[in-house]
Each structure stands twice: as C-alpha cells, then as structure tokens.
Amino acid sequence: MELLGFRAPRAQFAAGVAAVTFFAILTASAQLPGDTSNPQNSQQPNCSDPAQAATAACSSQLDRQPTTSPYSPVSPVPEVPSYYSDRESPRQSVPNLLQPKTPPEPLTEFQQFVASSTGQVLPIFGADLFRQVPSTFAPLDLTPVPSSYVVGPGDELRIRVWGQITFQANVRVDRSGEVYLPHIGPVHVSGLAFSELQGQLQRAVGAQYKNFNLTVDLGQIRAIQVYTSGQARHPGLYTISGLSSLLDALFASGGPSVRGSLRRIELRRDGKLVSVFDLYTLLTAGDRSTDVKLQSGDVIFIPAVGPQVAVTGSVRNSSIYELKPGETLKDLLSDAGGPSAVAAATRISVGRIADHKDLRTVDVAFDDAGLSTPLADGDLVHVYSIVPRFQQTVTLRGNLANPGKFSWHDGMRISDLIPDKDSLLTRSYWWKRAQLGLPAPEFEPSDNLSVLRQPTEPLTLPPPGSRRAIASNWPYGQNLPYPPGDPRNLAYQQQYQQQNPQQGYQQQDYQQSFTQQGYYPQDYDAQQQLQPGQQYPTQGGVAPYQRREMQIAQGSGLAEGSEDQDSNAQTLDGVPRRPRTEVRFLAPEIDWDYAVVERMNRDTLKTQLIPFDLGRLVLQHDDSQNLALQAGDVVTIFSEADIRLPIAQQSKLIKLEGEFAHAGSYSAQPGETLRQLVQRAGGLTDHAYLYGSEFRRESTRRLQQQRIDDYIRSLDMQMQRSSLAFAASTSQAEAAAGVSARTNQQNLISQLHQMRASGRIVLDFKPDSSGLDHIPDVALENGDTFIVPSRPVNINVIGAVYDQNSFLFNPTRNVSQYLHLAGGPSRSADAKHAFIIRANGEVVAKEATSGMWSNPFPNLLLYPGDSIVVPEKVYKPSALKGVLDWSQVFSQFALGAASLSVLH
C-alpha cells in the first residue's frame, strides 16, 4: 500500500500532462489557418497564393515563430493560431508547473563568522524568495492588459467590426509597426498605449465607412529580451513576456545570489539608469510601487551586497540583513518583524568590529535614544528575552488534581490552595477510574490466526513482517496453529518450510516471553518490523516497546510500577488472552505526614524548606499547619511513590490465591502480618498444600532481576574476553570456528535477557505443614502475592533423561526409582551434578548429599510437586581451546526456572 500510495500521485500527474498535451495538439491541428471548415478562416488571406504572399497580413504571419533563448526558464510553447477563437489557447491549458528548487548556495564568509560567534547559522533575509518560483510566461498571458501598455511589433490584435462593414481579424503588428485590416489597408499602431489603440483603429475604418462599431483587444503578447548581469544567481539573456516587469525578470533569472544586493537592483535602458528597486519594500511592506515595466533590450544589473548585520534573539525573524546608508537599530528591528512578545525591554547587545581588529560589545538601551543608534557593517545584534520569573505568584505542584501557578495576595495561606481533601485526587486517578467497566479484550476482534482459524480451514500464512505475522508470532516462534501434540502441526511446519526455505523456527517462544513481560504483539512498533529469523530486540533485559496498561477490564492489572505478569494468566498454549480482572490501586496513596514549602531567601538566594503535616491540615483542620505564604513560594504535595514511608504506614494491597476460604485481594491493616491476613480471609481449605505454596514480593522481584541482569552482563564480558583470547592464539581455521561460537554466544545472551525474575521468597514449610499455625508472621508489603495450591499428585523429571515427563507421586519411591521410570540419564547427562527442586523452592544438589553421614542422593524420598533435574554435560572441545559451550550453561539455567513454573 505504501508503494501504491507513493506512485499514484505521480501516475495521475503524468496522465494529466499527457491528456493536456494531446488536447493542445488536437486543437492546434483541428484549427489550422488553412482549414476551410472554420468560417472564421474565410477572412484570412491565402498566403500560399503568390498574389497574396506579399501582403502585410502574410508578412506578419512570418513573424509568428516562437522567440526563445537558451537562457529561457521555460520550454517553447506551441504558437496560438492567427484566427480568432473564444476558447483558451493551448498554452493557457497547460498546467502552471513550478520550476525545480534551486539548490542552496554555500555559506558566505559573514554567515560563517556569525555562526562561529553565535552558534547559529542564520539565513540571508530574502534569499529563499527565489528558491522555487512559477513559470513567468503562462501567468502573464492570462492577466489583464494595463491601459498604459505600449503596443509594439509582435503583438497580436483581435479586431471585431460590425455595422455597415462586418469583419473580424486576428492580426499581428509587423516590424514596421503596422497591421493590415481587410478592406481598409495598413494602419500604424506601434508606440500607441493600449488605451489609445481603439481610437486609432476607429479613425482608420471611419475614413471609408460610417455607421459601424469596433472593439479591439490584445491576443498573444509579444516577447521581449532582457539581460541580467552582476551578482545574479543565473546571469544571461532572457526571453520573457512583454507584460513583464523588473520583478518578473528577477524571478525568471533566479534573483540575486547570496553575494548580490537585494536593496539596490538597477534597471538600465539605453545606457541610462531608469530605476533602482529595493526588494525589502516588497518583503517587509508588500510595496511594489517602484517596480517598472520592461522593454526589449533592458539590462538588470545586481551590484554586490552592501553592508550586512546579523540579528538574533527575541525578534520575529532572526536573519542577516543588508543595510542602506544611515539605517539605525530601529530600522533593523522593523525589517526583522519587530521584537517578539518575550523580548526584554531593557537593553540590546550590539557586537561590533572595531577598526577591523577586535570584536567589542556595546549595550544599547531599549528606548528611543538607543533605537536611533546607527549600525555598521558586520554588527551582531542580540535582543534579550525576559527572565521566566513570575511575580506575585505561588506554585502548587505534586499529587493534586489541579497543580499550577496561582496569584498571591497578602494573608494567603496553604488552605487557600488546598480547599478540601478531594483536591488531592489526581486527574490520572479519575481517568483510570473512568476506564473501569470498559469491554474486556475477549469481546474485541482478534487478529491472531491460531485463534480465528478453525482446524478444518485451509492454512493461510501471513506475510513476514505483517501485523498478523507479529500478532501470531509467525514465523518467529513455535506458536503452532493446533494444540500441542496435534500431528497436524508437523504438516504445518513442513508446508511453511517449503514456502520459506530460508527461514526456520526459533526454539524460544518469543511471544510467550513477550506476554510474560507484560507486552502485547500490537504494542510492537510497525516501523521496526522484524526480518526473517530475527529475534525481538532487547535492551538491558527489557524489550523497548510501549507497555500496555493492564487495567482494561474491571480494573485489571498489578500494583503500580509492577513489571511482573503471570504467564498463565496472559497466555494459553502460547496464545495471548485477556488479562485477569484484578483489584489494584488506581494511583499512589497520598503522603499525609509530610509536605513542604520551598522558599527562597531574598538576602542569600538560598532555598529554605518549611515542612508541614498535610493530614493535620486537611483532615483535622489544624491551624498551626496552615502556614502563611509569600510570593514565589512553591508548595509540594507528595505521594507514596515519591517518598518511601515506614512499612507500618504504607497502604498495602495483598493478593491471596488458591486454597483459601475467601481468596481475593485484601487491603492489609497497619502492622498486619501474613498469618493474620490469612486468618481474616477465613483460613485455608482442607486441600491446601503449604509445602508447595509460593510467596511473591515485588521488591524481591526487582532485586532478583537486577542480580540476573548483573550475572548476564558478567557472563557476556567473560565470553568476550574468552573470544578475544581465543582469536589471538588460534590459526585461521580455528578462528572461523571461533566466529561461529561467538554467534552462538550472542544468541545465548539475547535469550538470557528474556528471562524474568518471579520475586519468589522460599518460606520454611515442611511437607506435612498445615493450618494457620505453620504460616510465618511475615510483615506485608504492597503487591505481595501468596499462592497456596492444592496437593499435587505428580513428580517431574526433566533434563538429560530419555523421557522427560511427570509421574504419579508414590511415597515409597526415591530418586533412583523415578529416574528409572524416565529411562535413566542419557549419554549426554551430567549425572554427578543432578539436583532436586523441592515444591517449596529449595534445591538439593547431589554434591551436598555425598558426605559420610548424609543420605545418598539416589535414596532420597520425594514429596508431591518435587522436580528432579539432570543437567547436560558441559563440553570443552580442544579445537576451541577452553571456550565453553555456553548453550549448556543456558540449559541448566533455564531448566531451573522451568521446574519452578511447573507448580503454577
């Protein structure tokens, strides 16, 4: 669509020009002078006849060849036929196209000097006027002919006579200044003003006939040739319309160059100075009264630029201006559009070159005397702006509905700014509250193909990089169109690989990691579409896309500032689904204990902080906290997001999920612990499995994520050092293998960046823990989540075994027996470093059970929800000289995270 949208205007334009050109040729060919089908041509002489070839009318037709110059800014236009027609000429039907933009000229020496002195590259005032101009011929042919226009050779006259004699003729003034009228003869018209032309023709016809009427107007205007010289942008000889003026010729020649004067443009005729034109009168006042009409042979001379000054600062148009003799600072500011609204009416700085040696600064008062200061060549004028200082004003900012600036008056106090407690609720709070109750995403149309397409429908692959491809994670992940394990997925993969043999499947499901981070496919910037096989870019472990607000349906989302999202709540078999409906704080709570007034000491210019108790002022109306305000004070109201309060004073929203009598979100009371909150929620159900419970904390999640990011950065630096050392001590063949290893390492780092911390805190539960008495008295924080699952019935065996699977829990089976059920360790297994991840989050490594008094690892008993992890061996190939296969490190790192998520 972008390609079509770009080409369509050009195609329409080309078609329009072709149609107009075809119409012009067709019109010209259909109405040639010799065409007897047109009755108007019956009055024209037949110039092919030798008897009439010498007549004045035929000789005037010989003069009708188009007159152009190699310097002419437009191409020759087909000549208008000599017969009269009420229709527009073909030339008038051609669109008035703009000439190509003239490229900018290099900076002048004065422009470079100003840039080095002020840091600004100032344009030359008026130079852009001639950067892009319209054609000078077609517009002037359509303008009315002024009464003062002087008729000359080459002009076409359209004459109508009716009465005692009737005829009409289009005749051209010949070189002798005459026109030939049928039945009348030659009439001299050259040198007459257009207002005198009708009277001259009436006298000529009236000498032979009476009782007639006559009208005359001008058809095609003659062309004239003028010269431009001096510091013109394009000097030379130009052929222009006879109606052109000095200004028209300047546009045709590109105007003065950056080295030419805009204020002293001279028009010379027959060696004499006719006029001096000042372009500034047109640019600043719209006055072109000194613009004169041109005659053939005129010379337009553009002298070198005169004295120049630069003006910067608070003026309407900061530029470089040319001076006339005797101009003052007031004249310069007038040319610059005058001072702006924020200009300081105190002083103006003038930088002046003294005796071509030094640059000095002169301060001029902003009054009549100062503005009458004469200017010199090379002056740098700077108009200062006012200081953004509000007088008799106080500022209210922070956690408020209407922060801003307010007028100060004597006796003003804080209560005048904060009339009631409702004024402390921010607009953001009300906007988020207004979003509650909006339709949930499951009622909105989805563009995910794996959701919309039924399994019986034919497979339609979206184009790579399209919105549908990104939304459905095709072809960048394992987000298949059928449920996991469905054999039709294999046919889908084969079909896709046949259509896109250069692309493969990434082993990481990027869309699932996307939704785990709280991002949605439609948040992906369409201007940064992925290339085939390219991974979602990350920076510092976080994908740089705009995060979708999770509060869409009924106030869904997590606590303010939370970045963790429940992957099970956000995805279903890798397909995004609606966010869960949750209760959350719509805005940070108000800090009722502390607010402050910032006041500047006028003597020392130091800032003084005067705190006050906001709660006592607003809620208890304590007059001792209602401080008197002074002009210039800044009153700041804080929230809990600005200043961390003591944990006992924080507003805490806690979520209880799973086997609780009344699971849900609760606002914790001051000093309330986890055990007390669970008791207030009705306690646990009979199916609660405390040993497999999970306690998440947002502050812990941030710390865990920071440590993961630090580890990944350290790992990346270690990989780079290893690669550099390897490259410095290997042969060319081994270096090629090292490049491949480095590519794998970069892919590993990219995948590690996508891992997100869960914020889980391991609680000290035993396998037989049950009831409220075993729940610890943990102090609560805002955003805490306590999940108590039901008692699971499985044991997980994952890693380097022949059958990664989940097996029914049997209290009599030990580690060895469960490994036997999974087929035992594979040939690539590192059985010496196997470990167990308990359901409560603890890890039991095989090395820790190898002591004399410890129970051997194979004999350990397992509990419901436990996971056995057998890692892969870490190889150290001699060809890479100690460069580790970091993908094995990642597998161990990822298996541990995967085993934790099994309990969710």
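Two strands count as paired if DSSP finds at least two bridges between them, and with that in mind the tour of this predicted model can begin at a pair of strands.

**Stop 1: strands 1, 2 and 5**

Select residues 156–163, which are strand 1, together with residues 167–172, which are strand 2, and you will have two strands that pair in the antiparallel sense over six bridges. Strand 1 and strand 2 form a hairpin, with three residues between them. To see one of the bridges, show arginine 160, whose bridge partner in strand 2 is glutamine 168. Now add residues 212–218, which are strand 5, since strand 1 pairs with strand 5 as well, in the antiparallel sense and over seven bridges. Here a residue to pick out is arginine 158, whose bridge partner in strand 5 is aspartate 217. As background, strands of a sheet pair through backbone hydrogen bonds, either parallel or antiparallel.

**Stop 2: tyrosine 280 and its ring partners**

A pair of aromatic rings is described by the distance of the centres and the angle of the planes. The count for this model comes to 11 aromatic pairs. Select tyrosine 280 and tyrosine 321, whose ring centres are 6.5 Å apart and whose planes stand at 90 degrees; because planes over 60 degrees apart count as edge-to-face, this pair is edge-to-face. Tyrosine 280 lies in helix 8 (residues 279–285) and tyrosine 321 lies in strand 12 (residues 319–322), so the pair ties together parts that are 41 residues apart in sequence. Tyrosine 280 and tyrosine 321 are both buried. If you add Phe125 to the selection, you will see the cluster into which ring pairs link Phe125, Tyr280 and Tyr321.

**Stop 3: a cavity beside the same tyrosines**

Keep Tyr280 and Tyr321 selected, and add Ile124, Val258, Gly260, Leu262, Val305, Gln308, Ile320 and Glu322, which together with the two tyrosines line the second largest cavity. About 40 Å³ of space lies in this second largest cavity, and the model has three cavities of 30 Å³ or more. Which strand gives the largest share of the lining? The largest share comes from strand 12, with three residues.

**Stop 4: arginine 263 and its salt bridges**

Side chains of opposite charge can pair when their charged atoms come close. In this model the count comes to 25 salt bridges. Select arginine 263 and aspartate 278, whose side chains meet in a salt bridge at 3.1 Å, N to O. Arginine 263 is in the loop between helix 7 (246–252) and strand 8 (265–269), while aspartate 278 is in the loop between strand 9 (272–277) and helix 8, and the two are 15 residues apart. Next add glutamate 327, whose side chain meets that of arginine 263 in a salt bridge at 3.0 Å, N to O. Glutamate 327 sits in the loop between strand 12 and helix 9 (329–335), 64 residues apart from arginine 263. Are these residues buried or exposed? Arginine 263 and aspartate 278 are both buried, and glutamate 327 is buried too.

**Stop 5: aspartate 784 and arginine 697**

Move to aspartate 784 and arginine 697, whose side chains meet in a salt bridge at 2.7 Å, N to O. Aspartate 784 lies in the loop between strand 26 (760–761) and strand 27 (785–788), and arginine 697 lies in the loop between strand 25 (694–696) and helix 20 (698–728), so the pair ties together parts that are 87 residues apart in sequence. Aspartate 784 is buried, with a relative accessible area of 0%, and arginine 697 counts as buried at 11% relative accessibility. Before leaving the salt bridges, select Arg263, Asp278, Lys324, Glu327 and Asp335, which are joined into one network by salt bridges that share partners.

**Stop 6: a sheet of five strands**

Finally, look for the open sheet that five strands form in the order 29-28-32-30-31, with mixed pairing. Its edge strands are strand 29 (805–808) and strand 31 (843–845), each of which pairs on one side only. From one strand to the next, the twist averages 20 degrees. Within the sheet, select strand 30 (residues 835–837) and strand 32 (residues 867–870), which pair in the antiparallel sense over three bridges. End the tour at isoleucine 837, which stands opposite serine 867 in strand 32.

Definitions and conventions:
Residues are numbered from 1 along each chain as its sequence is written. This is a predicted model: local features need pLDDT of at least 70, side-chain atom pairs count only at pLDDT 80 or more; totals for chains, interfaces and linings use all residues. Side-chain values use heavy atoms; hydrogens and water are left out. Rings of Phe, Tyr and Trp (its six-membered ring) pair if their centres lie within 6.5 Å; planes under 30 degrees apart count as stacked, over 60 as edge-to-face and the rest as tilted. Helices (H or I, at least four residues) and strands (E, at least two) are DSSP runs, numbered from the N terminus. Buried means under 20% relative accessible area, exposed over 50%, partly exposed in between (1.4 Å probe, protein chains only). A salt bridge is a side-chain nitrogen of Lys or Arg within 4 Å of a carboxyl oxygen of Asp or Glu. Axes are lines fitted to C-alpha atoms, for helices over the stretch in contact, and angles run from 0 to 180 degrees between N-to-C directions. On a 1 Å grid over the protein atoms alone, a cavity is a set of points where a 1.4 Å probe fits but cannot get out, and a pocket is an open set with protein on both sides within 12 Å along at least five of seven lines; lining residues have an atom within 4 Å of a point. Grid points are joined across faces, edges and corners, and a volume is the space filled by probe spheres set on the points.
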